[in-house]
Every structure is written in structure tokens, then in C-alpha cells.
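Q: Please take a close look at one part of this predicted model: the nonpolar core. Which residues have the most contacts inside the largest one, and what surrounds them?

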Amino acid sequence: MQTQLSAFRLAGVAARIGDESDTQELWKTWFSGSLKDELPAFSRTLYAVRYAYQSGGHYTLLLGKLVAVEASLPPNVQEIIVPPQCYRVFTLPENRPDAVHELWCTLEQDSSLKRCFKYDFSCFPSVGKGRVYVGVVGEVEQHETDFVTD
């Protein structure tokens, strides 16, 4: 399935990722800390965002939650605004960490996937199956009404 999303803000913990041990360390930091309970989040859904890609497969990974643009954040919190982008969406067959890793290994070998290497993310809702959103090349249509709130 392909979709486009408007911009959204995430807050949490982040680190540069060079190999799998860096990823594991960041997940340990997230689950062992109290930040996950202190963020002014919209829901309990957990996001894992890959961005700032560099050659050699390095990128930054942020683990966090969706927060309002105007929300105040606790000290030492990393935050990003994910800009509007087109995505291919993949539903995980089951909610287990290995399923995400296995899917990414498959996606990284898929030459038909026109990735833009800007922002990719996984989301893990408290109910239902997780999804992986892979940023792909495409035009994002933005309308003034996307930014107007009543």
C-alpha cells in the first residue's frame, strides 16, 4: 500500500546507528528509562524513525512518541519534525522485534522499491499489528486546509 502523510513531531531518545549493537543499546535505553512515561504523547504507540542517512548504511534512529507541535518536552529529549512524504506501508506479520529486522533485511535488497532515504519509520501500537513506513520518491500534495485548525 502507498500513502502520503503530513508533517508530524516525535520526541524521545536518538543515536547514530552504525551496526546492530547500536540499535540494541538504544532500545535498552528506551525501555529502561522513564522518558516513555513522561512524554506528553497522544497515544501509547511507539515510533522508531530512521533518518539522516549517510553512505555506509549509517543513520540516526529516534525511538519515541507522537507529540503536539506546541507541547513542552522534558529536558534532554531529542525531537524531530518528520516532513510531508510519500510512503510504502508494510504490515508486520506479528509484533516481535525479529519481524521488523527481517522485514528491513528484505526491503534493503528490494531494487524495485524507489526509496528516497529521507525518513522511514516503524510504529508499534498498543493494540494491533505494527507497520513499517518506507519513504519513497513521489510528489506530496499539500493544501492550505492541511494546516488550518478550527
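A: Leu 107 and Val 132 have the most contacts inside the largest nonpolar core, a set of 27 residues. Seven elements are worth listing here. Strands E2 (8-17), E3 (46-51), E4 (59-67), E6 (85-91) and E8 (131-136) each give two or more residues to this core, as do helices H1 (20-32) and H3. H3 gives the most, with 5 residues. A second core, of 14 residues, lies apart from this one; Phe 8, Tyr 87, Val 89 and Phe 121 are among its members.

Now Leu 107 itself. This residue sits in helix H3, which runs over residues 97-108. Leu 107 counts as buried because its relative accessibility is 4%, and the cut-off for buried is under 20%. Beyond the residues up to four places away in sequence, Leu 107 touches Phe 90, Leu 113, Val 132 and Val 134. Take Phe 90: 17 residues separate it from Leu 107 in sequence, and the C-alpha to C-alpha distance is 9.9 Å.

Next, the setting. The protein has 3 helices and 8 strands. Their order along the sequence is β-β-α-α-β-β-β-β-α-β-β. Of its 150 residues, 39% count as buried. Among contacts with a separation of 6 or more, 71% join residues 24 or more positions apart. The radius of gyration is 15 Å, which agrees with the value near 15 Å for a compact globule of 150 residues. The C-alpha trace spans about 40 × 40 × 30 Å along its principal axes.

Notes:
Residues numbered from 1 in each chain as written. Predicted model: local features only at pLDDT ≥ 70, side-chain atom pairs only at ≥ 80, totals over all residues. Heavy atoms only, no water. Helix = DSSP H or I, 4+ residues; strand = E, 2+ residues; numbered from the N terminus. Buried < 20%, exposed > 50% of the residue type's maximum accessible area, 1.4 Å probe, protein only. Contact = heavy atoms within 4.5 Å. Core = buried A, V, L, I, M, F, W, Y, C linked by side-chain atoms within 4.5 Å. Rg over C-alpha atoms; globule rule 2.2 N^0.38 Å.
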